[in-house]
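User: Please take a close look at one part of this model and then follow the account outward to the charged side chains and the sheet. I would like a connected description that keeps to what the coordinates support.

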Amino acid sequence: MEHLAQILMLLGVAVAVVLAFQRLRIPTSLGYLLVGVILGPYTVGPTINVPEFKVLAEFGVVFLLFTIGLNYSLPQLHALRHQVLGLGTAQVAFTTAAVALLLWLAGVPATAAFVIGAVFAQSSSTMIGSQLAEQGEESSPHGRLGLAMSVFQDVTAVPFLVVIPVLGMSDGADLLVSSLGWAAAKAALAFALVFFAGRWLLRPLFRLVTKRRSAELFTLAVLLVALLAAWTTNNLGLSLAFGAFLAGMMLGETEFRHQIESTVRPFRDVLLGLFFVGIGMLIDPASIPRVWQWAALGALLLLVSKALLVTALVRRSGISAMTAWQTGLLLAVGGEFGFALLAIALDAQVIGVELGQIVLTSVLFSMIAGALLIRFNQTIARRLVSIRRNAEPEVPNMAIDESNPPVLIGGYGRVGHTIAVLLQNSGIPCVAFDVDPKRVAQGRADGNQVLYGDISDPELMVAIHVERTPLVILTVDDSVIALRTVAFLRSIAPHVPIVVRARDLAATSQLLAAGATHAYPEAIEASLRLGATAMKILCVPDNDIELIVQGVRDWDYQPVLEDEHVQ
């Protein structure tokens, strides 16, 4: 009971600060850092001094890695091996190497330079995701790619969890190589243990537990598995978080994954908040005037190096310059997991306290500046592209015959592919755009003209001279994107017909109001075709069938609206 007053004070300050940050739409991770600064030993006022606090906060990282493992099972990692896996791995590797090399040349010890490079390579998935959702860009090409790469950075940080503690125990180069090799062997052993235990024990265990239909028992089983795996790797001389990540990967392949994630989320969020509070307690506000120049320089190095490297990697993969720059700006921000790696390095004495303070402040500065980069990513990227292209927007590699311009198809999924095949077989030229590189590659392999591009991007529409096309067909299944695209197309090309795929009657009405020439609700159109087939089987004349079906369309589906609630 002696620490109860301090715990109550911590909870009270945390509730007040997090509530204020959420109202201001500022990432709560920054709020927890502020709580740590307020209650830390370097500021005037009360200080939290609970011996178990540090140990408890460490489990925030354990459960964070556990939930990340749930979302990156072995089959999912295999499926992501090309775009996100390749780009994510390359970004972390190149950023770590480039930053470490620069710092080493500047006189920073090699091990400390490596740690700082690894810290700088991380980006804030929380900040990126929350701001993109707030700005309505989470479904955009740069939003999807940037968020996927930022989440995957957390996966690539797992090897750093193994390497960094080893760096603090090694003196000579030979001993370092030997220690790293031994750590890799132990990591492989831990993976084998958790892998076989997961395949043979975890699924039967959770099936047995779920038969009892007890939420309490299920929660206990989840905690047991996560902490047992963490204890196993810790006993092998590896980090607690590494074992939790492996256990999450194994459970991610089971049918219990979503319920497990739901069960562990409250523990993860609260303990991760405590972890950030602990990081905040390491920040010495009085040292900022002394190191702010170095911290600002470090933040600049972090932001610029990551923005340039990510942009170059994404651009090299065949994605447009605009999307590449936007993705680079998203990922330039520093990340929460960088704090976790820095805390491990400080604990292992791989990096000095003074240098650690500079790195900590650098990441903090980068997160503040990064919030602005994310907010204005489109404006900044457009300016950068125009400077590089002498104010000319990037034009996709598409030869347009002005005497016979092609039909433009937005989206090359199931519907877009079918329409493209029909038009090509009719001798009508068409060009499809899609933001999925796999669809683009498959479409080109099928002999269709499919290009990478976001049909809702105003820069793309201007660049390809959409006003020259005889028809635009939108097949995207996102109503918000479709509405935005229709409104923009109607403003710059009012004479071009626009045919849109819609989910339902409500979406159809909105699209028509926005300026679409025709909008066809999928469910009702499928019902009309089924009804037409039924009438044909019942020997109703073809002309009568077409008149009935077209009559429903001409009346804006009013004849079927009466029973709309029976869908």
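Analyst:
**A close look**

Ala345 is buried, because its relative accessible area is 0% and the limit for that class is under 20%. The model is a predicted one, and that should be kept in mind for everything that follows. Ala345 belongs to helix H16, which covers residues 336–347. When residues up to four places away in sequence are set aside, Ala345 touches Val115, Ile164, Val350 and Ile351. Of these contacts, the one with Val115 spans 230 residues along the chain, although the C-alpha atoms of Ala345 and Val115 are separated by 7.2 Å.

The next topic is charge pairing. Side chains of opposite charge can pair when their charged atoms come close. There are 3 salt bridges in the structure, and they can be taken in turn.

In one of them the side chains of Asp269 and Arg268 meet, with 3.0 Å from N to O. Asp269 is partly exposed at a relative accessible area of 37%, whereas Arg268 has a relative accessibility of 16% and therefore counts as buried.

Another salt bridge brings together the side chains of Glu354 and Arg290, at 3.4 Å from N to O. Glu354 lies in helix H17 (residues 353–375) and Arg290 in helix H14 (residues 288–316), so this pair ties together parts that are 64 residues apart in sequence. Glu354 itself, with a relative accessibility of 41%, counts as partly exposed.

The salt bridge that leads into the sheet is formed by the side chains of Asp434 and Arg439, again described by an N to O distance, here 3.4 Å. Is Asp434 buried or exposed? Asp434 counts as buried, because its relative accessibility is 5%, while its partner Arg439 is partly exposed, with a relative accessible area of 41%. Asp434 is placed in strand S2, which runs over residues 430–434. Besides the salt bridge, a polar atom of the Asp434 side chain lies 2.6 Å from the backbone nitrogen of Tyr412. The contacts of Asp434, not counting residues up to four places away in sequence, are Gly411, Tyr412, Gly413, Arg439, Val440, Leu451, Tyr452 and Gly453.

What surrounds strand S2 is an open sheet of 6 strands, with the order S3-S2-S1-S4-S5-S6 and parallel pairing. Its edge strands are strand S3 (450–452) and strand S6 (518–521), each of which pairs on one side only. On average, and with direction ignored, neighbouring strands of this sheet are turned by 20° against each other. Strands of a sheet pair through backbone hydrogen bonds, either parallel or antiparallel.

Within that order, strand S1 (residues 407–410) and strand S4 (residues 472–474) run parallel and are joined by 3 bridges. Ile409 stands opposite Ile473 in S4. Helix H19 (residues 414–425) packs on the sheet, where H19 touches S1, S2, S4 and strand S5 (498–502), and the direction of H19 makes about 165° with that of S1.

Read together, the account goes from Ala345 in helix H16, through the salt bridges, to Asp434 in strand S2. Ala345 and Asp434 are both buried, as their relative accessibilities of 0% and 5% lead one to conclude.

Terms used:
Residues are numbered from 1 along each chain as its sequence is written. This is a predicted model: local features need pLDDT of at least 70, side-chain atom pairs count only at pLDDT 80 or more; totals for chains, interfaces and linings use all residues. Side-chain values use heavy atoms; hydrogens and water are left out. Helices (H or I, at least four residues) and strands (E, at least two) are DSSP runs, numbered from the N terminus. Buried means under 20% relative accessible area, exposed over 50%, partly exposed in between (1.4 Å probe, protein chains only). Contact means heavy atoms within 4.5 Å. A salt bridge is a side-chain nitrogen of Lys or Arg within 4 Å of a carboxyl oxygen of Asp or Glu. A polar contact is a pair of N or O atoms within 3.5 Å; within protein, one must be able to donate a hydrogen and the other to accept it, and residues adjacent in sequence count only if both atoms are side-chain atoms. Two strands pair if DSSP finds at least two bridges between them. Axes are lines fitted to C-alpha atoms, for helices over the stretch in contact, and angles run from 0 to 180 degrees between N-to-C directions.
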